[in-house]
Amino acid sequence: GGVLTGVWGSKFYRVVFFFPQILAVVIVGVIFSRVYAPDDSGLLNGALKALGIGPVLFMANPDIALWSIVGVLVWQAVGFYVVLFSAGMASVPKDIYEAATIDGAGRAAMFFRITLPLLWDTLQVAWVYLGIAAFDAFAIVQVLSVDQGGPDGATTVLGMEIYRNAFSYSQFGYASAMGVALFFLTITFAALTLRVSRRDTIEL
């Protein structure tokens, strides 16, 4: 069997991907407000103009506004998962991989039969965290979206509705009820995820 090696430059990638984690969410929103700017000053529209395309109204078009915000959320969050799974993989004894390599196992087989089962607890944590983050997304929507959740409600999230009802419409009781509903929705999601994905612990 061959010598098992990691991904070249993985430490550098971890630093690059983790960089957004040190930025405040509002700063991320401000940065991408310039990236998505509808005129030539926007990073994306400037590049599109050089290609003879555009301009694209990223945040004013209901069909792509939500996907534009999802792109920001992915960019902002991916570093957390890179570090989380890197730490989990570092805890797997190399002897297991070496034995599998000697037995002739390929990388795909090692991933599905060794890495994935041994990272199951990490995967559970990541899935719960990702779900909770998806329920939130308030700050990015607040900073980036048109009319706080627009256009035409295309980027509205539950947190945004709670904020709008409380501070724009002064419907504090309604907003409080939605806040309680969001709390129980989040707890229920986490509990169901842990229940559905529960499996026997693998002893190393």
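Trainee: In this predicted model, is Phe111 buried, partly exposed or exposed?

Mentor: The relative accessible area of Phe111 is 40%. Buried requires under 20% and exposed requires over 50%, with partly exposed in between. Phe111 is therefore classed as partly exposed.

Trainee: And is Phe112 buried or exposed?

Mentor: Phe112 has a relative accessibility of 56%. The cut-off for exposed is over 50%, so Phe112 counts as exposed.

Trainee: How many aromatic pairs does the model contain, and what is the geometry of the pair formed by Tyr81 and Tyr129?

Mentor: The count comes to 12 aromatic pairs. For Tyr81 and Tyr129, the ring centres lie 6.1 Å apart and the planes meet at 70°. Planes over 60 degrees apart count as edge-to-face, so the geometry of this pair is edge-to-face.

Trainee: Which helices does that pair link?

Mentor: The two residues are 48 residues apart, so the pair links distant parts of the chain. Tyr81 lies in helix H4 and Tyr129 in helix H7, residues 120-135. The helices linked are H4 and H7.

Trainee: Is Tyr81 buried or exposed?

Mentor: Its partner Tyr129 is partly exposed at 42% relative accessibility. Tyr81 has a relative accessible area of 15%, and values under 20% count as buried. Tyr81 is thus buried.

Trainee: Which residues form one aromatic cluster with Tyr36?

Mentor: Tyr36 is among the residues that touch the most other members of the largest nonpolar core, as is Phe32. Beyond its neighbours within four places in sequence, the contacts of Tyr36 include Phe58 and Val72. The cluster partners of Tyr36 are Phe32, Phe58 and Trp75.

Conventions. Residues numbered from 1 in each chain as written. Predicted model: local features only at pLDDT ≥ 70, side-chain atom pairs only at ≥ 80, totals over all residues. Heavy atoms only, no water. Core = buried A, V, L, I, M, F, W, Y, C linked by side-chain atoms within 4.5 Å. Buried < 20%, exposed > 50% of the residue type's maximum accessible area, 1.4 Å probe, protein only. Contact = heavy atoms within 4.5 Å. Phe/Tyr/Trp six-rings, centres within 6.5 Å; stacked < 30°, edge-to-face > 60°. Helix = DSSP H or I, 4+ residues; strand = E, 2+ residues; numbered from the N terminus.
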